[in-house]
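Colleague: I'd like a close look at a single part of this one, with the rest of the chain filled in around it. Could you take me through it in one go?

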Amino acid sequence: LQKQAKLRWPSASVSDIKYELHPSLKPALVKELVQLSWVLNHQHVVITGATGTGKTYIACALAQQAIAESTPVLYFRFNELILNLVAADKSEKLTAFRRRLSKTPVLIIDDWGISPMSSIERHLLFELIESRDKKGSMVITSQYPIKAWYDAFQDPTIADATLDRIVHQTHEIALKGESIRKAIGMGGDVK
């Protein structure tokens with residue numbers, strides 16, 4: 001499961017989170033999320049905040065908790081996921097790729113909405129989210145607050161249809177503050 005997940009931070013751990021570097025991160029919320037009831041209930045975790053605030057590390061730490069409970073996880077950066085969906089569509093392997101993603105209980109999408117999407121990309125993402133609706137959980141990180149995600153779609157109808165399947169069943173973590181990378185310097189871990 002660890003190898004299959006391809007996490008950006010494969011050694012991330014909830015127990016290593018330094019809350020002093022995350023003043024807006026509530027330990028009680030993390031403790032609740034570690035119980036993984038959100039996975040059993042096919043809910044999502046959305047982690048927003050500026051660059052370097054530790055979003056990806058926290059997402060990977062939650063993923064590690066799921067893996068420790070024998071729950072399969074897949075990690076994708078947003079642009080990588082979109083490129084894979086487009087490539088699978090062009091090579092007529094979209095059904096198999098989407099089935100693989102839909103069967104994975106926890107899908108991490110890192111850096112959601114980092115760039116605008118074309119019409120085909122919007123539709124492919126919508127179909128993926130639709131195929132997972134009430135069947136799987138996602139951990140989504142983004143530099144933008146959820147309300148700003150609509151702009152990346154450039155199509156209000158597809159944006160509403162896609163985000164409606166996410167936002168109403170989400171545990172949100174909004175990280176505030178300066179870049180942790182800046183605070184600890186180039187050599188340390190961002191946790």
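Which helix is His123 found in?

Modeller: His123 is found in helix α7. Keep in mind that this is a predicted model. His123 counts as partly exposed, because its relative accessibility is 37%, and the cut-offs are under 20% for buried and over 50% for exposed. If you want a marker to place His123 by, try Phe78: the two are 45 residues apart in sequence, and their C-alpha atoms are 15 Å apart in space.

Now for what sits around that helix. α7 covers residues 119-132, and it is one of the elements that the buried residues of α6 pack against. The others are β2 (73-77), α5 (78-90) and β3 (106-110). As for α6 itself, it runs over residues 94-103, and its buried residues are Leu94, Phe97, Arg98, Leu101 and Ser102. Looking down the axis of α6, you find those buried residues within an arc of 135°, so they line one face of the helix. That spacing has a simple background: an α-helix has 3.6 residues a turn, so residues three or four places apart point the same way. Turned away from the buried side of α6 is a face that carries Thr95 and Lys103, both exposed.

Between β3 and α7 there is a loop, and Asp111 is found in it. Have a look at its backbone: phi of Asp111 is near 65°, which is a positive value in a residue other than glycine. Asp111 has a relative accessible area of 13%, so it counts as buried.

Two other residues also have positive phi. His42 lies in the loop between α3 (37-40) and β1 (44-48), and its phi is near 55°, again positive in a residue other than glycine. With a relative accessible area of 27%, His42 is partly exposed. Then there is Leu36, just after α2, with a positive phi of about 65°.

α2 itself deserves a stop on the tour. This helix spans residues 27-34, with Val30, Leu33 and Val34 buried. Seen down the axis of α2, these buried residues fall within an arc of 105°, so here too they line one face of the helix. They pack against α3, β1, α4 (55-68) and β5 (170-174). On the face turned away from that buried side, α2 carries the exposed residues Ala28 and Lys31.

Stepping back to the chain as a whole, you have ten helices and five strands. A compact globule of 191 residues would have a radius of gyration near 16 Å, and the chain agrees, since it has 16 Å. Its C-alpha atoms fill a box of roughly 45 × 35 × 30 Å along the principal axes. Of the contacts with a separation of 6 or more, 84% are between residues 24 or more positions apart. Buried residues make up 49% of the 191.

On the outside, the accessible surface comes to about 9400 Å², and carbon and sulfur atoms account for 52% of that. As for charge, there are 24 positive and 20 negative side chains, and the centres of the two sets lie 5 Å apart.

Note on methods:
Residues numbered from 1 in each chain as written. Predicted model: local features only at pLDDT ≥ 70, side-chain atom pairs only at ≥ 80, totals over all residues. Heavy atoms only, no water. Helix = DSSP H or I, 4+ residues; strand = E, 2+ residues; numbered from the N terminus. Rg over C-alpha atoms; globule rule 2.2 N^0.38 Å. Buried < 20%, exposed > 50% of the residue type's maximum accessible area, 1.4 Å probe, protein only. Contact = heavy atoms within 4.5 Å. Areas by Shrake-Rupley, 256 points an atom, 1.4 Å probe, with all protein chains shown as cover. Lys, Arg positive; Asp, Glu negative; His and termini not counted. Charge placed at Lys NZ, Arg CZ, Asp CG, Glu CD. Arc of directions from axis to C-beta.
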